[in-house]
Amino acid sequence: MSDLNFKHLRYFREVAHAGNLTQASRALGVAQSALSTQIHTLEERLGHPLFERVGRRLVLTEAGRVALDHADAIFAVGEDLLATLRVGSGHRQVLRVGALATLSRNFQIDFLRPCLGRPDLEVMLTAGSLAELLGLLRRLELDVVLCNAAPASSPADGFVAHRLAQQPISLFGAAALDCTATTPREALQAYPVILPTGASSIRAEFDALCVRLAVTPTIVAEIDDMAMLRLMAREAIGLAPLPAIVVRDELEAGTLREVVQLPGIRETFYALTYQRQFQSPVAEELIAKASRWQDEAKTDQAKQNPRNRGRGSA
């Protein structure tokens with residue numbers, strides 16, 4: 001630490017937040033040429049370029065973002081010390097999570113639950129389309145993206161898809177419907193359905209299943225949001241194909257019930273990261289925990305499968 005010049009770090013922090021040398025030099029009262037020299041000196045000391053020029057703006061590199069996080073932490077601690085001398089005040093890590101706007105809120109909470117409430121951590125959650133979130137992830141403005149479809153990309157794109165969970169899809173309906181169907185064909189012939197829009201992977205597989213069953217269901221609504229889909233199902237206007245995690249609260253409350261499972265249809269949940277030198281340790285920890293839960297769930301399911309009973313270990 002004795003080799004780190006905190007004046008250089010302060011100058012870097014000002015430029016990083018301003019986005020250009022002109023504003024930073026005015027705020028600091030330092031000539032632009034001197035400011036540029038100080039930044040280059042810090043880059044040489046750290047061994048990484050901290051900025052790249054995009055048009056008239058200076059944009060942080062990956063190393064620059066890491067350096068800024070630490071610089072903000074260092075100066076925040078200094079401000080705390082000067083202001084209050086409070087013992088234990090320190091830097092809170094920031095976890096930047098993106099989530100598909102239509103993704104199950106229950107899944108998002110389950111993924112984040114291990115880190116919620118940590119006094120040293122702030123969670124920033126951004127919702128959007130997959131294209132928007134991938135753009136933020138590529139620009140290192142997000143640490144991880146939660147979604148239910150892996151992007152169609154090549155390794156050269158830099159995205160890594162971590163499969164966290166896979167859930168079967170069932171038809172769920174309000175208890176008031178009193179549906180007694182025992183097969184998907186019976187259920188789809190007897191009751192109308194509330195479906196996700198064509199952009200959903202569930203919809204594509206549902207349509208294919210209807211073709212195989214030679215059934216043309218009566219569609220009363222098409223919705224692109226899972227939260228609204230389950231709310232519509234609660235209104236008893238039809239059955240909705242959903243993974244159980246989406247309607248977990250309604251199942252526990254008895255407002256919805258599973259009518260029948262749809263064969264061959266599953267929803268897969270992913271955590272997407274971007275290949276980078278400095279990964280978020282909190283994001284890596286959450287992905288590892290979620291992956292372990294999936295492995296444990298598969299093991300429990302295998303044990304409960306009647307076909308596996310009585311078989312010895314391999």
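**Exercise 1. The hairpin**

Determine, in this predicted model, in which sense strands S1 and S2 pair and over how many bridges, and then describe the turn between them.

Solution. Begin with the two strands themselves: S1 covers residues 51-54 and S2 covers residues 57-60, and their pairing is antiparallel, with 4 bridges. To fix the register, take Phe51, which stands opposite Leu60 in S2. The last step concerns the connection, where 2 residues lie between the strands of this hairpin, and where Gly55, in the turn, has a positive phi of about 65°.

**Exercise 2. Three helices in succession**

Work out how helix H1 is oriented relative to helix H2, and how H2 is oriented relative to helix H3.

Solution. Step one is the geometry of the first pair: the axes of H1 (residues 6-18) and H2 (residues 21-28) come within 8 Å and cross at roughly 130°. Angles over 145 degrees would count as roughly antiparallel and those from 65 to 115 as roughly perpendicular, and H1 and H2 are therefore oblique to each other. The handedness of this crossing is right-handed.

Step two is the contact between them, to which H1 contributes Arg10, Tyr11, Glu14, Val15 and Ala18, while H2 contributes Leu21, Gln23, Ala24, Ala27 and Leu28. Sorted by class, these residues comprise 7 nonpolar, 1 polar and 2 charged.

Step three turns to the second pair, in which the axes of H2 and H3 (residues 32-46) come within 9 Å and cross at roughly 105°. This value makes H2 roughly perpendicular to H3. On the H2 side the contact is made by Leu21, Thr22, Ala24, Ser25 and Leu28, and on the H3 side by Gln32, Leu35 and Ser36. By class, this contact of H2 with H3 has 4 nonpolar and 4 polar residues, and no charged ones.

**Exercise 3. The open sheet**

Establish the strand order of the open sheet, explain why one side of S4 and of S9 is left without a neighbour, and locate the antiparallel pairings made by S6.

Solution. The sheet has 6 strands, and reading across gives S4-S3-S5-S10-S6-S9, with mixed pairing. S4 (121-128) and S9 stand at the edges and each has a single partner strand, so one side of each lacks a neighbour in the sheet. From one strand to the next, the twist averages 25°.

Next, consider S6, which spans residues 159-174 and pairs with S10 (residues 256-274) in the antiparallel sense over 14 bridges. Two positions help to trace this register: His162 stands opposite Ala271 in S10, and Gln167 stands opposite Glu267 in S10. S6 also pairs in the antiparallel sense with S9 (residues 240-243), here over 4 bridges, and Ser170 is found opposite Leu242 in S9.

**Exercise 4. A helix across the sheet and an aromatic pair**

Identify the strands that helix H5 lies across, and then classify the ring pair formed by Phe107 and Phe269.

Solution. H5 (residues 105-112) lies across S3 (93-100), S4, S5 (144-147), S6 and S10, and runs at about 155° to S3.

The second part concerns the rings, of which the structure holds 3 aromatic pairs. For Phe107 and Phe269 the ring centres are 4.3 Å apart and the planes stand at 20°; since planes under 30 degrees apart count as stacked, this pair is stacked. The two residues belong to distant parts of the chain, Phe107 lying in helix H5 and Phe269 in strand S10, with a separation of 162 residues.

How values were computed
Residues numbered from 1 in each chain as written. Predicted model: local features only at pLDDT ≥ 70, side-chain atom pairs only at ≥ 80, totals over all residues. Heavy atoms only, no water. Pairing = 2+ DSSP bridges. Axes fitted to C-alpha atoms, helices over the stretch in contact; angles between N-to-C directions. Parallel < 35°, antiparallel > 145°, perpendicular 65-115°, else oblique. Left-handed = near helix turned anticlockwise from the far one by under 90°. Contact = heavy atoms within 4.5 Å. Nonpolar A, V, L, I, M, F, W, Y, C, P; charged D, E, K, R; others polar. Phe/Tyr/Trp six-rings, centres within 6.5 Å; stacked < 30°, edge-to-face > 60°.
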